[in-house]
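Me: I have a model open and would like to know how its descriptions are justified. Please take them one by one.

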Amino acid sequence: MTDTDRSHAAALDAVDPLAALREEFVVASEQQVYLDGNSLGRLPRATAARLAAVVHEDWGRGLVGSWHDWVDLAYRVGDAIGTALLGAAPGQTVVADSTSVNLYKLAAAALDARPDRRVIVTDSRNFPSDRYVLEGLAAARRLELRLLATPTAEPVSAADVAAALSEDVALVSLSLVDYCSGALADLQSVTAAAHAAGALILWDLCHAAGAVPISLDDSKVDLAVGCTYKYLNAGPGAPAFLYVRDDLQEQLRQPIWGWFGQREQFRMGATYDPAPGITRYLAGSPPVLAMTAVEAGVEVLARVGMTALREKSVALTDYVIALADAWLEPLGVAVGTPRAVARRGAHVALRHADAWQITQMLITRYDVIPDFREPDIIRIGVPPAYTRFVDGWDALDRLRRGVAAGEHLTFAAERARVT
Ligand SMILES: *Cc1c(COP(=O)(O)O)cnc(C)c1O
């Protein structure tokens with residue numbers, strides 16, 4: 001039995017070794033319970049000053065001369081993410097473009113490397129942009145997009161993937177943590193299953209980077225992409241990262257032949273000649289200001305490391321699940337996240353037929369900010385860097401009181417433009 005008293009949550013916070021990390025983030029309202037850091041992470045305190053310095057000094061004073069420093073940002077910030085959060089040795093990760101664009105670049109590169117294979121495999125529950133980008137590539141190249149149908153609350157398994165594979169599959173592209181259920185796939189065994197069929201694998205790490213420990217090198221992953229505005233706290237629309245395993249870098253080519261991917265860029269050669277190494281996966285000029293915020297965000301997590309973050313994250317999701325079982329199950333709310341720790345990311349999905357109305361009630365009446373995902377999911381994001389156990393308690397306590405009183409039924413079922 002979980003101790004459902006608020007004092008128990010406060011006691012867990014009191015012994016939390018990461019409690020002080022919350023001080024490194026802007027918390028504009030102490031009343032508000034923010035549980036959507038898996039969609040847009042909080043602002044690190046250091047970020048505003050770092051941005052101001054780049055604006056005033058590097059841009060304002062240094063002007064074009066600052067490019068001597070800025071040209072290294074994609075690699076420097078990429079390596080910081082790779083080494084601290086992805087289990088990737090330097091030289092394989094860069095920051096550039098958005099996740100959607102990077103997914104396109106790397107998926108196209110993989111398909112070009114398997115020209116006699118005609119199938120792309122993904123999960124029917126994969127993130128929309130991933131499915132659409134792959135759908136577009138399949139349409140343009142007249143390939144088959146094969147969708148795995150996995151059970152709602154469980155991660156894609158190596159057996160699911162193996163069952164969908166044949167000698168015809170060029171590429172398997174999956175999310176490591178499911179954006180709805182929070183289910184965490186097994187990186188190593190799923191990657192091995194794809195390789196056993198001769199396919200390349202491209203992992204989307206958006207809900208995994210900074211949320212769970214990742215071992216790209218040890219798992220022999222081929223390709224990966226992920227965003228930085230969720231658990232890495234880099235701000236709205238911050239650029240994404242991409243990873244290409246070092247021995248593949250010169251076997252593959254991405255389709256956007258831009259000058260930042262050109263060998264000896266400033267020779268301005270007559271024709272495209274892709275640079276060696278990870279550089280060829282870049283296309284155009286980097287968003288310097290936004291990348292400064294990525295660097296500041298990653299530094300906060302790198303200082304404590306993924307082992308400590310994961311330990312707290314597991315304790316937080318365990319606690320939210322236990323409270324949901326004790327309080328919400330009798331109200332018709334089901335836990336939609338795997339209960340096994342090894343198969344769980346850093347958010348908890350709560351399912352209810354009126355999930356949209358419950359979410360609206362929490363935001364407008366209770367100053368609790370989760371988010372809603374179709375068709376019936378309330379996502380409770382508890383990023384370990386700044387979420388407290390009392391935040392979980394307060395959110396679920398307000399949810400149970402509101403639903404028990406039927407308050408959510410006063411909200412319209414019609415969805416807003418952004419959910
Ligand atoms: C958030 C997210 C994206 C976002 O892609 P953008 O190009 O940054 O809009 C892509 N894939 C997954 C799995 C995500 O969770």
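Me: Which residues surround the ligand?

Reply: The model is a predicted one. In it, the ligand is surrounded by Ser 98, Thr 99, Ser 100, Phe 127, Asp 130, Ser 175, Asp 204, Cys 206, His 207, Tyr 229 and Lys 230. Each of them counts because one of its heavy atoms lies within 4 Å of the ligand.

Me: What makes the shell around the ligand three nonpolar, five polar and three charged residues?

Reply: The shell has three nonpolar, five polar and three charged residues. Phe, Cys and Tyr count as nonpolar, and Asp and Lys as charged. Ser, Thr and His are outside both lists, so they count as polar.

Me: Why is the pair formed by Ser 100 and the ligand called a polar contact?

Reply: An N or O atom in the side chain of Ser 100 is 2.6 Å from an oxygen atom of the ligand. The cut-off for such a pair is 3.5 Å, so this is a polar contact. Lys 230 also has a side-chain N or O atom 2.6 Å from a ligand oxygen. For Asp 204, a polar side-chain atom lies 2.8 Å from a nitrogen atom of the ligand. As for cover, the ligand on its own has 390 Å² of accessible area, and the protein covers 85% of that.

Me: How do you know that Arg 125 and Asp 178 make a polar contact?

Reply: Their side chains are joined at 3.0 Å, and the limit is 3.5 Å, so the pair qualifies. Arg 125 sits in the loop between strand E3 (119-123) and helix H6 (128-141). Beyond four places in sequence, Arg 125 touches residues including Arg 131, Pro 151, Glu 154 and Tyr 179.

Me: What places helix H2 against helix H9?

Reply: H2 (residues 45-61) and H9 (residues 288-304) pack with their axes 9 Å apart, at an angle of about 145°. The crossing is right-handed. Among the residues of H2 that meet H9 are Leu 51 and Val 54, and those on the H9 side include Leu 289 and Ala 293. By class, this contact has seven nonpolar, two polar and three charged residues.

Me: How far apart are Ala 197 and Val 169 in sequence and in space?

Reply: They are 28 residues apart in sequence and 7.6 Å apart in space, C-alpha to C-alpha. Ala 197 lies in the loop between helix H8 (187-196) and strand E6 (200-204).

Me: What is Ala 197 in contact with, leaving aside neighbours within four places in sequence?

Reply: Ala 197 is in contact with Arg 117, Leu 165 and Ser 166. These count because contact means heavy atoms within 4.5 Å.

How values were computed:
Residues numbered from 1 in each chain as written. Predicted model: local features only at pLDDT ≥ 70, side-chain atom pairs only at ≥ 80, totals over all residues. Heavy atoms only, no water. Polar contact = N/O pair within 3.5 Å; in protein donor to acceptor, adjacent residues only side chain to side chain. Areas by Shrake-Rupley, 256 points an atom, 1.4 Å probe, with all protein chains shown as cover. Axes fitted to C-alpha atoms, helices over the stretch in contact; angles between N-to-C directions. Helix = DSSP H or I, 4+ residues; strand = E, 2+ residues; numbered from the N terminus. Left-handed = near helix turned anticlockwise from the far one by under 90°.
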